[in-house]
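Thanks, everyone, for making the time this morning. I would like to walk through one model with you, beginning with its strands and then moving on to its helices.

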Amino acid sequence: MSGYEILSLDDLERVPYRGSGEVLRPLRLRLGFRPFGVNVWSADAADDKLIPPHEEDSGHEELYVVVRGTARFTVGEETFDAPAGTLIHAKAGTFRTATAAEAATMVLAAGAKEGEPFVPGGWESVHLAFAQLEAGDAAAGRATMEAAIAENEHAWGGNYNVACYLALAGETDEAIEYLRKAIELNREQVRKWLPHDTDLDPIRADPRFQELAG
């Protein structure tokens with residue numbers, strides 16, 4: 001081990017962000033980086049989606065750095081063009097999203113919650129695993145999910161996401177067990193998702209699911 005690594009942003013894997021069209025380049029996973037969250041978003045063509053719309057209700061604040069092209073950001077109620085070299089600081093709870101204002105735009109995003117040690121939420125792994133499943137490699141997707149949950153087996157969200165993945169992969173028995181564990185960890189949050197999460201549709205008719213959802 002040399003103690004350092006040099007790579008190009010273009011070397012990072014392109015992962016379709018499930019269900020919305022953005023392209024995630026999972027930098028944190030690629031490096032095994034744990035001090036804070038850091039990832040890259042890219043768009044090939046102008047008007048492509050770039051940053052998913054969200055508000056970071058986890059309490060994380062984020063710093064976005066436009067490293068290539070021009071991004072059209074909406075932060076709060078303001079929309080503006082951000083050329084390469086622009087930095088945008090968005091605090092937790094503030095709405096933010098972006099599209100590409102020109103082709104080949106790339107934005108680096110870094111974030112964490114002030115005053116707390118950073119704990120990976122595993123969301124990058126979720127999207128990577130589903131991309132692997134959709135590409136026909138269910139075994140790779142499962143390995144990705146299991147590696148993510150191993151980082152924090154007591155997180156309800158990780159167990160819930162594994163349940164969703166296994167439901168879509170046709171592994172009903174194991175999906176039910178992961179869902180049961182998620183409910184044990186945080187019944188209130190899981191119950192908010194159960195009624196409308198289409199990932200779980202393959203197991204809704206199972207009596208065990210109905211018991212958990214009841």
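**Strands, cores and a helix pair**

Let me say at the outset that what you see is a predicted model, and I will start with strand β3 and the residues that face its partners. Arg25 stands opposite Val40 in β3, and this belongs to an antiparallel pairing in which strand β2, residues 23-25, is joined to β3 over three bridges. Val40 also stands opposite Leu108 in β10, where β3 and strand β10, residues 105-112, run antiparallel and are joined by seven bridges.

How buried is β3? Seven of the seven residues of this strand, which spans 37-43, are buried, so β3 is largely enclosed by the rest of the structure. If you follow the side chains, Gly37, Asn39, Trp41 and Ala43 point one way, while Val38, Val40 and Ser42 point the other way, and all of them are buried.

Turning to the open sheet, four strands are arranged in the order β4-β9-β6-β7, with antiparallel pairing. Its edge strands are β4, residues 49-54, and β7, residues 78-83, each of which pairs on one side only, and the twist from one strand to the next averages 20°. Within this sheet, β6, residues 70-75, and β9, residues 96-100, run antiparallel and are joined by five bridges, with Val75 standing opposite Arg96 in β9.

Now to the helices, and to the question of which residues touch the most other members of the largest nonpolar core. That core has 23 residues, and the ones in question are Tyr160, Leu179, Val190, Leu194, Leu200, Ile203 and Phe209. At least two residues of this core are supplied by each of α2, α3, α4, α5 and α7, and the largest share, seven residues, comes from α4. A second, separate core of 21 residues includes Val66, Ala71, Ala98 and Ala100. Leaving aside residues up to four places away in sequence, Ile203 touches Ala167, Thr172, Ala175, Ile176 and Phe209.

Finally, consider how α4 and α5 meet: their axes come within 8 Å and cross at roughly 160°. Angles over 145 degrees count as roughly antiparallel, and α4 and α5 are therefore roughly antiparallel to each other, with a left-handed crossing. Among the residues making the contact are Trp156, Tyr160, Ala163 and Ala167 of α4, together with Ala175, Tyr178, Leu179 and Leu185 of α5.

Conventions:
Residues are numbered from 1 along each chain as its sequence is written. This is a predicted model: local features need pLDDT of at least 70, side-chain atom pairs count only at pLDDT 80 or more; totals for chains, interfaces and linings use all residues. Side-chain values use heavy atoms; hydrogens and water are left out. Buried means under 20% relative accessible area, exposed over 50%, partly exposed in between (1.4 Å probe, protein chains only). Two strands pair if DSSP finds at least two bridges between them. A nonpolar core is a set of buried Ala, Val, Leu, Ile, Met, Phe, Trp, Tyr and Cys residues joined through side-chain atoms within 4.5 Å. Contact means heavy atoms within 4.5 Å. Axes are lines fitted to C-alpha atoms, for helices over the stretch in contact, and angles run from 0 to 180 degrees between N-to-C directions. Angles under 35 degrees count as roughly parallel, over 145 as roughly antiparallel, 65 to 115 as roughly perpendicular and the rest as oblique. A crossing is left-handed if the near helix is turned anticlockwise from the far one by less than a right angle, and right-handed if clockwise.
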